[in-house]
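Hi there,

Here is the structure I promised to pass on. Have a look at it first, and then read on for what turned up.

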Amino acid sequence: MTAENSPHGQELTPRPRPELTPSPEELEKQERRLVFRRFTHDDAWALGSLLVDMARERQAPVAVDIHRAGQQLFHAALPGSTPDNDAWIARKRRVVERYGSASYLVGARFRAKGTTFEESSRLDPDTYAAHGGSFPITVEGVGVVGAVTVSGLPQLEDHRLVVEALERFLDL
């Protein structure tokens, strides 16, 4: 059971098995590669719909959220998701907004230093969660303008689902 799916929700960031976990460098490469030329309301709808379709195909009990410039542009809660997933979405999205990097990458950077986000960030864990699943929406020549977030699976699976959707959407 992951911390995200735990009944207490306050456990420290789990330390994924090293052989399955991408390095911070690999995660940074993903961010450099997954950049939009523009990001409109219609793009948010199309990306969110793609994520919902992918999750339905996998029968994944997730919630999907897309924010841009402080505005929620897309949200869907699939069967099996719960209100807790919405709380996780908000906490993971806040990490992207604060650090300008994927929530999973932020957690990986702390783990690479031999600590955890909860132990060392000095941020309230009820407000911020450096767990996988929120990815920055970066626009070429502009920077980070928002975040696309999934919650409901173990953190690395949430992250991978978002990355796969971004790769498909950007045709990479």
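**What turned up**

Among contacts in the protein chain with a separation of 6 or more, 69% are between residues 24 or more positions apart. Please keep in mind that this is a predicted model.

On the overall layout, the protein chain has six helices and four strands. Going along the sequence, they come in the pattern α-α-β-β-α-α-α-β-β-α. The protein chain has 172 residues, and 52% of them count as buried.

**Helix packing**

I looked at two helix pairs, beginning with α1 and α4. Their axes lie 9 Å apart, and the helices pack at an angle of about 155°. Angles over 145 degrees count as roughly antiparallel, and α1 and α4 are therefore roughly antiparallel to each other. Their crossing is left-handed. On the α1 side the contact is made by P24, L27, E28 and E31, which meet Y104, L105, A108, R109 and A112 of α4. By class, the residues of this contact of α1 with α4 are six nonpolar, three charged and no polar.

The other pair is α3 and α4, with an angle of about 75° and axes 8 Å apart. That makes α3 roughly perpendicular to α4, since angles of 65 to 115 degrees fall in that class. Here K92, V95, V96 and Y99 of α3 are in contact with S103, V106 and F110 of α4. The contact of α3 with α4 has five nonpolar residues, one polar and one charged.

**Salt bridges**

How many salt bridges does the structure hold? There are seven, and a few of them are worth finding on your screen.

E28 and R109, both named above in the contact of α1 with α4, also form a salt bridge, with the closest N and O atoms 3.0 Å apart. This pair links distant parts of the chain: E28 sits in helix α1 (residues 24–33) and R109 in helix α4 (residues 103–112), 81 residues apart. Both partners are partly exposed, E28 with a relative accessible area of 25% and R109 with 30%.

Helix α1 also takes part in a salt bridge between the side chains of R33 and E167 (2.7 Å, N to O). Again the pair links distant parts of the chain, with R33 in helix α1 and E167 in helix α6 (residues 155–169), 134 residues apart. E167 counts as partly exposed at 24% relative accessibility, and R33 likewise counts as partly exposed at 38%.

Then there is a pair within one helix: the side chains of E97 and R93 meet in a salt bridge at 3.1 Å, N to O. Because they are four residues apart in helix α3 (residues 83–99), E97 and R93 are separated by about one helical turn. Is R93 buried or exposed? R93 counts as buried, because its relative accessibility is 13% and the cut-off for buried is under 20%. Its partner E97 counts as partly exposed, at 47%.

Finally, R58, E164 and R168 are joined into one network by salt bridges that share partners.

I hope this helps you find your way around. Do write back with any questions.

Best wishes

Conventions: Residues numbered from 1 in each chain as written. Predicted model: local features only at pLDDT ≥ 70, side-chain atom pairs only at ≥ 80, totals over all residues. Heavy atoms only, no water. Salt bridge = Lys/Arg side-chain N within 4 Å of Asp/Glu carboxyl O. Buried < 20%, exposed > 50% of the residue type's maximum accessible area, 1.4 Å probe, protein only. Axes fitted to C-alpha atoms, helices over the stretch in contact; angles between N-to-C directions. Parallel < 35°, antiparallel > 145°, perpendicular 65-115°, else oblique. Left-handed = near helix turned anticlockwise from the far one by under 90°. Contact = heavy atoms within 4.5 Å. Nonpolar A, V, L, I, M, F, W, Y, C, P; charged D, E, K, R; others polar.
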